[in-house]
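Welcome, and thanks for opening your viewer. Have the selection tool ready, and we will walk through a few stops together.

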Amino acid sequence: MSRASEAKLPAPKSEEFVFGDWTLRVVKSHIMGSQCEASTECTDETEVEKLCNLCRYERLLTLPSLPDMVFANNLLQIKHKSGGSISFSALSALQCVNDQEDTLQVAHAEVWKEARADCEFAQKVVKPYDWTYTTDFQGMLAGGLKAEATTERIDLDKLRVREEIKFYEEIFLYEDELDDNGSTRCVVKVRVMPSGFFVVFRHYLRVDQVIVRVNDTRLYSPVGASHILRESSTREAPIPKLQVCCRGCR
């Protein structure tokens, strides 16, 4: 896509929802382009704040490549009237991707390569970074909002109770199909009910014939509260050990 055609793309759409002392802001836009989008091409001397999305990502990230689909402008921000906030964006999530392989990633890559010896992509995945773009990002805190340990937990049973949905959005941050050999996807969902608001930030990974992994961060704030509960979890399993059952299975 040329720079001229990218310049004609619609501007990001922003929406806000006020819930008590909290303001939830959602920004949605198109996939980031594959070349500099600035009217005057970015250079090494260009200040970070003035860089186009692609050049800013390349400047701030240490990854040798980016996911095929990055929604650079997409954002979920939850801000308290006191100024404290937590936000979710593709850049912040990708900054938590390991830029050097760990043993677990290498082990999976080797199994995958053996299973796909004739696949060109499989021969180049073992690079000095996490080629699955797995992130353990839990949200960026700002404005004085701080994380503190607590024994209080999110009541998931309460969240299963049917309530009116006053506000709901699903915000995609990035996605890559690993050359049709799997899927890695980062998305955040938010819903507001009369009893409170609930957020799920999820990174989902599937490497064909190898592994499925889900990293979740959940946020919940009951109506009238000035705090947010935050919990994180990781679930994974080798694909050969997974069993898929249909309704007719006994």
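Which residues does asparagine 53 touch, not counting residues up to four places away in sequence? Select asparagine 53 with its surroundings and you will find Met32, Ala72 and Asn73. Keep in mind as you look that this is a predicted model.

Stay on asparagine 53, which lies in helix α2. Its relative accessibility is 13%, and because buried means under 20%, asparagine 53 counts as buried. Now select the whole of α2, residues 53-60: its buried residues are Asn53, Leu54, Cys55 and Tyr57. To see what covers them, add β3 (69-70) and α3 (90-94), which are included in that cover.

Next, zoom out to the whole chain. Colour by secondary structure and you should find five helices and eleven strands. Of the 250 residues, 43% are buried. The chain exposes about 14300 Å², with carbon and sulfur atoms supplying 48% of that area.

Now select strand β8, residues 182-193. Nine of its twelve residues are buried, so β8 is largely enclosed by the rest of the structure.

Add β7, residues 167-176, on one side of your selection list: β7 and β8 run antiparallel and are joined by nine bridges. For one pairing to click on, try phenylalanine 172 and its bridge partner in β8, valine 187. The hairpin of these strands has five residues between them, and there leucine 178 takes a positive phi near 50°.

Finally, add β9, residues 196-207. β9 pairs with β8 in the antiparallel sense over twelve bridges, and a hairpin of two residues joins the strands. End your tour at threonine 184, whose bridge partner in β9 is leucine 205.

Technical notes. Residues numbered from 1 in each chain as written. Predicted model: local features only at pLDDT ≥ 70, side-chain atom pairs only at ≥ 80, totals over all residues. Heavy atoms only, no water. Buried < 20%, exposed > 50% of the residue type's maximum accessible area, 1.4 Å probe, protein only. Helix = DSSP H or I, 4+ residues; strand = E, 2+ residues; numbered from the N terminus. Contact = heavy atoms within 4.5 Å. Areas by Shrake-Rupley, 256 points an atom, 1.4 Å probe, with all protein chains shown as cover. Pairing = 2+ DSSP bridges.
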